[in-house]
Amino acid sequence: MTPSATFSEDLAAEEKTRLALKIEEATKKAGGEAEARKQIFPDINNSGGDPQKITDLTYEQLSSYHAQHYHPSNAKLFTYGDMPLADHLQEVDARLKVFDRIAEDTLVHSPIDLSNGPQEHIVEGPLDPLVAADKQFKTSVSWVMGETSDVVETFSLSLLSTLLMDGYGSPLYRGLIESGLGTDFSPNAGYDGSGKLGIYSVGLTGVQEADLLVEQGKSNTEDLSCLPTVHVKDIPRSKEPVVVRDDSNNGVKTQWHEAPTNGLTYFRAVNTIENLPDELRELIPLFTDSIMRLGTKDTSMEQLEDLMKLKTGGMSVGYHSTPSPTDFQHATEGFIFAGMALDRNVPAMFDLLLNFTDMVMATVALEQYAPPTINYDRSYHTILKTKQQYADHAPANNAVITPKQLIGEALRRRVESIDTESCGAGEEDTFFVADLGEVYRQHMRWKLNLPRVKPFYAVKCNPDPRVIELLAALGTGFDCASKWEIDQILNMGLTPERIIYAQPCKTNSYLRYVKTQGVKQMTFDNADELYKIAKLYPGAELFLRIMTDDESSLCRFSMKFGASKEIAGELLALAKDLGLNVVGVSFHVGSGASDPMAFYKAVHDSYLVFEQGRAFGFNMKTLDIGGGFCDDSFEDMAAVLRGALDEYFPPSSNVNIMAE
């Protein structure tokens with residue numbers, strides 16, 4: 001059925017062709033909607049969900065209902081992911097073949113037969129204490145419509161229901177609720193297309209009894225033409241376009257949309273990136289989240305947040321993707337910087353935004369993966385002064401910034417800022433310029449080549465707070481070997497779970513200290529260490545460090561660290577006798593390792609020790625593969641290591657893998 005020109009015509013047509021069902025109920029609270037459906041579908045038995053019916057159920061009825069309805073024959077199974085479908089089907093078949101097929105219930109329940117005309121039902125319910133005493137009535141009128149399998153009719157009725165009832169300006173809202181007849185639409189109001197036949201209902205809550213009786217009298221005597229009329233021609237056939245003004249400043253494209261905003265300026269800037277590898281694209285949300293947590297060289301993140309709250313209505317950095325309107329196979333992506341502020345605070349907002357754009361410029365030039373492809377085309381909606389300020393700072397349009405250029409610019413600005421004629425003592429001292437982008441690039445390189453391995457950064461390598469802050473934001477853990485290193489990580493607000501105390505030989509005082517700080521993960525490789533831990537920190541989570549073949553390494557750690565395979569079983573037995581908690585195995589093939597097979601053999605040996613630990617009843621859940629990687633051979637090492645991990649510790653083993 002296609003909606004006709006007027007609502008009154010719809011009613012007349014339905015009464016002639018659809019045997020319209022009319023249910024008017026006056027109730028003093030809730031159960032009215034359920035009662036209405038019960039009257040419309042009288043042959044649907046209540047299964048016990050109604051609290052008033054639950055106590056009537058016998059055990060046999062409940063058991064029979066569960067066996068009939070909570071059965072695979074009534075289930076829909078979905079599979080997803082890139083695993084082979086045949087494996088999924090085989091597993092599903094193994095699970096389901098133990099069930100017998102039940103008889104299908106193909107009965108489609110239809111509404112009550114109205115061949116003798118409309119029906120009226122009145123039921124009573126409890127009082128609602130939140131509603132005025134004189135407005136305890138609820139009423140609804142429902143019409144049975146056509147079959148919901150008619151997609152055009154169903155869509156048309158849904159659209160008509162929306163036009164009549166959705167929003168404060170809709171005809172039925174203004175005529176029924178705004179007029180004071182009721183306080184709100186009833187829960188069943190609107191078009192319901194969930195059954196074989198659609199049902200359209202108009203109902204009110206909070207109705208006075210006197211008004212209800214008057215309206216019921218009117219419905220029997222008044223001409224239906226008094227109802228609101230909706231025509232298709234009343235709906236605008238086109239939408240007014242958004243008026244924008246394009247501009248450009250020093251080659252930077254800008255676009256303005258002028259609209260009344262009560263003195264607020266909304267801003268968006270886009271950094272476009274071309275040819276970004278897929279493996280890096282999925283990490284952009286992590287990167288943009290980190291940018292908003294790091295702070296800058298001059299201002300901590302706490303100070304930036306205070307300034308944003310004081311001067312703006314909010315600022316953000318995120319991933320931006322826009323499909324081409326002319327080519328469905330092409331899209332533009334990049335970073336989006338957004339913010340809003342009062343007009344008078346726009347300059348302050350742009351000063352804050354420049355802090356974030358500087359950090360992105362300092363870390364996003366991943367020329368190792370896409371050397372000529374990172375494009376810095378910025379669209380800044382800003383006043384001329386701020387645009388000029390940015391234009392002086394940024395490269396030419398479509399230029400590519402390399403880390404060396406960024407470092408050179410930082411050096412130049414730092415040197416030029418020193419006034420040798422008036423500067424104080426110490427201002428001319430030597431200084432370091434570090435490219436945090438290199439840290440970020442190496443982290444992304446790790447995630448690309450060893451996605452299953454969580455890195456734990458050895459703090460002793462470079463404890464600079466900025467490096468630690470960036471790695472913390474990227475989600476790494478930390479390998480600490482001293483009290484000072486542990487304090488540095490904890491004082492940054494990180495949890496003890498992100499620390500491994502990777503020192504096989506620990507002093508008594510350090511063991512007592514890490515216990516007070518809650519740092520549980522630590523390594524051991526000898527019996528004396530186990531006795532010490534049992535006495536001072538029996539709740540620690542222990543990793544048995546094993547000896548590896550590190551002959552090809554520049555720095556051979558196995559000469560001083562690691563238990564041989566021959567005594568690993570003895571150490572596990574002693575740990576069991578002492579009541580300690582061994583959770584995994586650790587190894588290190590030595591710094592500057594040049595033989596990829598050293599990793600393969602170490603993973604194989606770790607698997608054997610894992611099996612020994614499980615035989616003693618330990619929950620072996622973590623493998624620490626140590627370090628020893630070289631920059632020029634990392635990809636080759638990682639390829640062998642991935643293969644070894646997939647062979648001996650596949651994802652299905654649920655073993656956590658970490659590295660130092």
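A residue counts as exposed when its relative accessible area is over 50% and as buried when that value is under 20%. The legends below describe close-up views of a predicted model.

**View 1. A nonpolar surface patch that includes V98.** The patch is formed by L77, V92, L96, V98 and F99, which together have about 440 Å² of accessible area. V98 is placed in the loop that connects α5 (85-96) with β1 (137-147). Because its relative accessible area is 63%, V98 is classed as exposed.

**View 2. The surroundings of S161 in helix α6.** Helix α6 spans residues 151-165, and S161 belongs to this helix. In contrast to V98, which is exposed, S161 is buried, with a relative accessibility of 10%. When residues up to four places away in sequence are not counted, S161 touches D166, G190, Y191 and Y200.

**View 3. The closed barrel of eight strands.** The strands follow the order β10-β11-β12-β13-β14-β15-β16-β17, and their pairing is parallel. On average, neighbouring strands of this sheet are turned by 30° against each other, direction ignored.

**View 4. The pairing of β10 with β17.** Strand β10 (residues 453-458) and strand β17 (residues 656-659) run parallel and are joined by three bridges. In this pairing, K454 stands opposite M658 of β17, and P455 stands opposite A659 of β17.

**View 5. Helix α20 against the barrel strands β13, β14 and β15.** Helix α20 comprises residues 565-577 and lies across β13 (521-524), β14 (541-545) and β15 (581-586). The angle between helix α20 and β14 is about 165°. Since angles are taken between N-to-C directions on a scale from 0 to 180 degrees, this value means that α20 and β14 run in nearly opposite directions.

**View 6. Strand β15 and its two partners, β14 and β16.** How far is β15 enclosed by the rest of the structure? Five of its six residues are buried, so β15 is largely enclosed. Strand β15 pairs with β14 in the parallel sense over five bridges, and R545 stands opposite S586 of β15. Three bridges join β15 to the parallel strand β16 (residues 622-624), where T622 is the bridge partner of G584.

**View 7. The pairing of β16 with β17.** These two strands run parallel and are joined by three bridges. The bridge partner of L623 is I657, a residue of β17. Strand β17 also takes part in the pairing with β10, and the barrel is closed.

**View 8. The whole protein chain, for orientation among the close-ups.** The chain contains 22 helices and 17 strands. Of its 660 residues, 40% count as buried. The protein chain exposes about 37,400 Å², of which carbon and sulfur atoms supply 54%. Among contacts between residues at least 6 apart in sequence, 67% join residues at least 24 apart.

Methods
Residues are numbered from 1 along each chain as its sequence is written. This is a predicted model: local features need pLDDT of at least 70, side-chain atom pairs count only at pLDDT 80 or more; totals for chains, interfaces and linings use all residues. Side-chain values use heavy atoms; hydrogens and water are left out. Patches are made of residues with over 30% relative accessible area and no salt bridge: like charges are joined within 9 Å, nonpolar side chains (Val, Leu, Ile, Met, Phe, Trp, Tyr) within 5 Å. Accessible areas come from the Shrake-Rupley method with a 1.4 Å probe; for residues, only the protein chains shown count as cover. A salt bridge is a side-chain nitrogen of Lys or Arg within 4 Å of a carboxyl oxygen of Asp or Glu. Helices (H or I, at least four residues) and strands (E, at least two) are DSSP runs, numbered from the N terminus. Buried means under 20% relative accessible area, exposed over 50%, partly exposed in between (1.4 Å probe, protein chains only). Contact means heavy atoms within 4.5 Å. Two strands pair if DSSP finds at least two bridges between them.
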